[in-house]
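Open the model in your viewer with the backbone shown as a cartoon. Keep a selection tool at hand for the stops below.

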Amino acid sequence: MRTHAVSVLAGDGIGPEVMPEALAVLDDAVAPHGIRFEWHEQPWGSEYYRRHGRMMPTDAIETMAATDAVFLGAVGHPSVSDVETLWGMLIPIRREFDQYVNLRPVRSFAGISSSLAGDPEIDLVIVRENVEGEYSEVGGRAYRGTPHEAAYQQALFTRFGVQRIARYAVDRARERSGRLVSATKSNGIIHTMPFWDEIVAEVVARDGAELELESVLIDALAARMVRAPRSLDVIVASNLFGDILSDLAAGAVGSIGIAPSANLNPERAFPSMFEPVHGSAPDIAGRGIANPIGQIWAGAMMLDHLGYPQIAAQVEAAFTAVIGAGVVTPDLGGSASTAEVGAAVRAALA
Ligand code: ATP
Ligand code: MG
């Protein structure tokens, strides 16, 4: 029996509603293979913040470091600022565990029509740089209270950082169609983006010479994603560009309730973190109607990362069948509850 310890942070709002469904699906998925999960559930998030004045305890990173992965639901509450949730929990985890890859698969499903003309079949992955780039702490405000008041923020790209995200994207492109698109804006952002382009081209020339690399301006790429999404397969992008593109892609295929995301440390020196793309959805929390597929799909990505790609594929096939059969929550036009969708996925697995 192989055992994997996983830190489970269900969090706030619909997080604690969708998490049990995902845990039950994962337990069922691994059981026939002599694998067992040990769920280390932690009560961190906005409720914890209200009682302790912080999102998680001071030794939280150490506690999670002793486990194989972090499985997150959603954090956020109308009474706690977004800056607090992001900088008090998500960003420290990504940085302390050097989760420099944000991987977001996006695909269409039979049974969910996309918002794009012609309802094209979409199947792509976005590889977003997750720890540097435009989201830096370098900057400031000046001349406050004068007519010259100003703010400035420096984007920070390192050779090391761009090389490693490019290498990761090359590996993904190799496994898929062999086509890699790199998002850039080197015509307008004349220092960091040419640096990004140069390094991506070097890495592809050295490690993926057989790949077809296209460097596409982010504005044109956004238009292409809605006009010709089938021409895209693996996209590598900086922190900001990747953030925007992945929401654009997820929005184009349908509900935010199904999209997953992985924050990876590919070298496995630290635990990686898996989470649905959606937030705590306070508008529907407590009603038992949240879509659990995003959480379940994130769980499938965790299985893949832990070394079980075949079990991950079984889980994906199970929820794909359930969506196709129309057993879906109201966000996808159905009338099933969170628990009914979870049960249907487990039944499809069996
Ligand atoms: P947060 O501040 O935690 O990010 P939010 O309200 O800003 O929360 P989301 O939680 O992503 O952002 O919600 C955006 C919209 O999508 C809401 O109307 C919400 O009800 C809906 N939504 C999000 N996740 C789901 C889900 N799993 N099932 C159904 N609807 C969802
Ligand atoms: Mg939000």
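The tour goes through a predicted model, taking helices and their packing before some single residues.

**Stop 1: helix 9**

Select residues 293-305, which form helix 9. At 1.5 Å a residue, the 13 residues of this helix should span 18 Å, and the C-alpha atoms at its ends are 18 Å apart, which agrees. How many of the 13 residues are buried? The count is 12, so helix 9 is largely enclosed by the rest of the structure. Colour the buried residues: I293, G294, Q295, I296, W297, A298, G299, A300, M301, M302, L303 and H305.

Next, show what covers them. The cover includes helix 1 (15-30), helix 10 (309-324) and helix 11 (338-349). Strands also take part, among them strand 3 (69-74), strand 11 (260-264) and strand 12 (272-276). Before leaving, step just past the end of helix 9 to G307, where phi is positive, at about 105 degrees.

**Stop 2: helix 1 against helix 9**

Two packed helices are described by the angle between their axes and the distance between the axes. Keep helix 9 on screen and add helix 1; their axes come within 8 Å and cross at roughly 40 degrees. An angle under 35 degrees would count as roughly parallel, and the two helices are therefore oblique to each other. The crossing of helix 1 with helix 9 is right-handed.

For the contact, select V18, M19, E21, A22, V25, L26 and A29 on the helix 1 side, and Q295, I296, G299 and L303 on the helix 9 side. By class, this contact has eight nonpolar residues, two polar and one charged.

**Stop 3: helix 5 against helix 6**

Now select helix 5 (residues 159-175) and helix 6 (residues 192-207), whose axes come within 9 Å and cross at roughly 45 degrees. That angle makes helix 5 oblique to helix 6. This crossing, too, is right-handed.

Helix 5 contributes R159, V162, Q163, A166, R167 and V170 to the contact, while helix 6 contributes W196, I199, V200, V203, V204 and D207. Eight of the contact residues are nonpolar, one is polar and three are charged.

**Stop 4: R94 and E149**

Go to R94, in helix 4 (residues 82-96). Is R94 buried or exposed? There are 20 other C-beta atoms within 10 Å, and R94 is buried. Leaving out residues up to four places away in sequence, R94 touches Q99, N130, V131 and N263. Draw a distance from the C-alpha atom of R94 to that of D247, 153 residues away along the chain; the separation is 19 Å.

For a contrast, select E149, in the loop between strand 6 (139-142) and strand 7 (150-153). E149 has 10 other C-beta atoms within 10 Å and is exposed. With the same sequence neighbours left out, E149 touches Y143 and R144.

**Stop 5: D98 and D119**

Most residues other than glycine have a negative phi. D98 is not a glycine, yet its phi is positive, at about 45 degrees. Find D98 in the loop between helix 4 and strand 4 (101-107). With 18 C-beta neighbours inside 10 Å, D98 counts as partly exposed.

Finish at D119, in the loop between strand 4 and strand 5 (123-129). Phi of D119 is also positive, near 45 degrees. D119 has 12 other C-beta atoms within 10 Å and is exposed.

How values were computed. Residues are numbered from 1 along each chain as its sequence is written. Chains are lettered from A and ligands numbered from 1 in the order in which they are written. This is a predicted model: local features need pLDDT of at least 70, side-chain atom pairs count only at pLDDT 80 or more; totals for chains, interfaces and linings use all residues. Axes are lines fitted to C-alpha atoms, for helices over the stretch in contact, and angles run from 0 to 180 degrees between N-to-C directions. Helices (H or I, at least four residues) and strands (E, at least two) are DSSP runs, numbered from the N terminus. Angles under 35 degrees count as roughly parallel, over 145 as roughly antiparallel, 65 to 115 as roughly perpendicular and the rest as oblique. A crossing is left-handed if the near helix is turned anticlockwise from the far one by less than a right angle, and right-handed if clockwise. Two residues are in contact if their C-beta atoms, placed from the backbone, lie within 7 Å. Ala, Val, Leu, Ile, Met, Phe, Trp, Tyr, Cys and Pro count as nonpolar, Asp, Glu, Lys and Arg as charged, and the others, Gly among them, as polar. The expected span of a helix is 1.5 Å times one less than its number of residues.
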